[in-house]
Amino acid sequence: MKTDTSSSPPDADMQELAKEIQRINEYGNYYTYEELRYRVKPDAADRIWQMMKLARHLASQRLPFDPIEIRYVLTGEIARELYLCDQDLSRILDLGKKTLDTMSEYIIEAFSDEAIYSSRLEGAVTTELVAKNMLRKNIPPKTKDEQMIVNNHHAMQFIRDKKDILLTPEFLCELQRIVTTETLKDEHQSGTFRTTDDVAVVEGRSGKVVHYPPKAAELPALIQAVCDLANRDRENSTADSFVHPIIVGIALHFLIGYIHPFYDGNGRTARTLFYWYVLSRGYRLFEYIPISKIITQAPAQYRNAYTATEEDAMDLTYFIRYTIHCIQKAREKLTEHLHNERERISKADRLIDALPDLTKRQGQILRYMLKYKDEEFGIREIADRFSVAYQTARTDLMHLDARGYVRMKKRGKAQYYRVNTEHPFARE
């Protein structure tokens, strides 16, 4: 006779363990084993971990990446942030027309920040002021560190024009070539996949090896699988399982770091690839948020998210949660900035808006120059900054000069312009 156990309650021990797991998970935590064992009774840690692992596996989804079984759990925390990213651009763009006028400038600033801080993660040393001035004025780099920043900036500009392409091994090599130009000891390693196995990921301070990447012989299959993952939604619109585009972007970021297909520049290539993917899928929000700036605030957590995923049977949830937290912080900073821009309109700004003899663009140029009123601006810099022809920028600056808002100075044949600090709008 078959015994009906469908309604049999779990024993007291199991109930106690279940309550402990519920307590641990109450605030959306997703602990590693090492983090868990310090939060529970020592004699219960292994049993709780096994129950948690089973529950996670049952709730997980497999990433469509054939060479390696990679799974992730779409926790409530992750799902909420994905929803906010889906909604946030339209909400941000509703902050007001006044703010929208400065959005293109904010994109330039955000891309500069991403270039600077992504380079810092790889050891580049320079001040933010020097780096931004170099990028803004197109000053040639003087050091390897500055070259890294310029390269990253070129890569961020490059991907904006490549939103409609499919990911290919050649495109990955081109990205790596851009971020490593004139920074490698062996320039033959720029723009090519590695062919040897003498590479490892080393922790900076201790020199400890934290990751041995797959063998070079495995790279062709792995890289093709990376491309298939990225192209899946465009080549197979009837795919049997949906993966949120931001999750795919995060997975691509992780995979390039994990596979380590290049001798150098893997991290910078991975982060640029993430931006390429999410922008190519319509997430314009990411034009405004430099995630690497958040990562540099606690780089050890970035490394730990990689190692936690690898050490826990390729559970990508750790890396997804970490990236989601960075996105959240960067998004909050953007929202705060735009609120401040809307609410903090200086008297000088209002005077510029009230000037009757300026076009909208000329007002924007004057407002931009006022932010750096102790600096001189060449015509080419203004043309590049505002995406206009050289002659258009020259005409605008001559107009501002003729009306006394700026002053022109010649150095050789070149003309440079500076805000006229004696004008009333500049003294406020």
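This is a conversation between a trainee and a mentor about how terms such as buried, cavity and pocket apply to this predicted model.

Trainee: What makes Cys85 count as buried?

Mentor: Cys85 has a relative accessibility of 3%, and since buried means under 20% relative accessible area, Cys85 counts as buried.

Trainee: How many disulfides does the structure hold, and how do you know that Cys173 is in no disulfide?

Mentor: The structure holds zero disulfides. For Cys173, the nearest cysteine sulfur is that of Cys227, at 9.6 Å, and because a disulfide needs a pair of cysteine sulfur atoms within 2.5 Å, Cys173 is in no disulfide. Cys173 is also buried, because its relative accessible area is 12%, where the cut-off for buried is under 20%.

Trainee: Why is Phe386 called buried, and where is its place?

Mentor: Phe386 has a relative accessible area of 15%, and under 20% is what the word buried requires, so Phe386 is buried. Its place is in the loop between α18 (379–385) and α19 (390–402). Phe386 and Ile365 are 21 residues apart in sequence, while their C-alpha atoms are 7.9 Å apart in space.

Trainee: Which label fits Glu182, buried or exposed, and what is its phi near?

Mentor: Glu182 has 58% relative accessibility, and exposed means over 50%, so Glu182 counts as exposed. Its phi is near 60 degrees, which is a positive value in a residue other than glycine, and Glu182 has its place in the loop between α9 (169–180) and β3.

Trainee: What is phi of His260 near, and does the label buried or exposed apply to that residue?

Mentor: Phi of His260 is near 55 degrees, again a positive value in a residue other than glycine, and His260 is found in the loop between α11 and α12. His260 counts as buried because its relative accessibility is 15%, with under 20% as the cut-off.

Trainee: How do you know that the span of α3 agrees with the expected one?

Mentor: Helix α3 covers residues 45–59, and at 1.5 Å a residue its 15 residues should span 21 Å; the end C-alpha atoms are 21 Å apart, so the two values agree.

Trainee: Which residues of α3 are buried, and why can they be said to line one face of the helix?

Mentor: The buried residues of α3 are Ala45, Ile48, Trp49, Met52 and Arg56. Seen down the axis of α3, its buried residues fall within an arc of 100 degrees, so they line one face. On the other side of α3, Gln50, Leu54 and Leu58 are exposed. As general background, an α-helix has 3.6 residues a turn, so residues three or four places apart point the same way.

Trainee: What makes α8 largely enclosed by the rest of the structure?

Mentor: Twelve of the 17 residues of α8 are buried, so α8 is largely enclosed by the rest of the structure; among the buried residues are Met148, Ile149, Val150, Asn152, Met156 and Phe158. For the span of α8, 24 Å is expected at 1.5 Å a residue and its end C-alpha atoms are 25 Å apart, which agrees.

Trainee: How many cavities of 30 Å³ or more does the structure hold, and which residues line the largest cavity?

Mentor: There are two cavities of 30 Å³ or more, and the largest cavity has a volume of about 50 Å³. Its lining consists of Glu114, His253, Arg271, Phe274, Tyr275, Ile291, Ser292, Ile295 and Thr323, with at least two residues supplied by each of α12 (266–280) and α13 (291–295). By class, that lining has four nonpolar, three polar and two charged residues.

Trainee: Which elements each supply at least two residues of the lining of the second largest cavity?

Mentor: Those elements are α6 (103–121), α8 (144–160) and α12. The second largest cavity holds about 40 Å³ of space, and its lining residues include Glu114, Asn152, Met156, Arg271 and Tyr275.

Trainee: How many residues line the largest pocket, and which lie nearest its centre?

Mentor: The largest pocket, with about 1200 Å³ of space, is lined by 41 residues, of which Leu121, Glu122, Val201, Val202 and His260 lie nearest its centre. The largest share of the lining, seven residues, comes from α14, and by class the lining has 16 nonpolar, twelve polar and 13 charged residues.

Notes
Residues numbered from 1 in each chain as written. Predicted model: local features only at pLDDT ≥ 70, side-chain atom pairs only at ≥ 80, totals over all residues. Heavy atoms only, no water. Buried < 20%, exposed > 50% of the residue type's maximum accessible area, 1.4 Å probe, protein only. 1 Å grid on protein atoms, 1.4 Å probe; cavity = no way out; pocket = protein on both sides within 12 Å on 5 of 7 lines; lining within 4 Å. Points joined across faces, edges and corners; volume = space filled by probe spheres on them. Helix = DSSP H or I, 4+ residues; strand = E, 2+ residues; numbered from the N terminus. Nonpolar A, V, L, I, M, F, W, Y, C, P; charged D, E, K, R; others polar. Expected span 1.5 Å × (residues − 1). Arc of directions from axis to C-beta.
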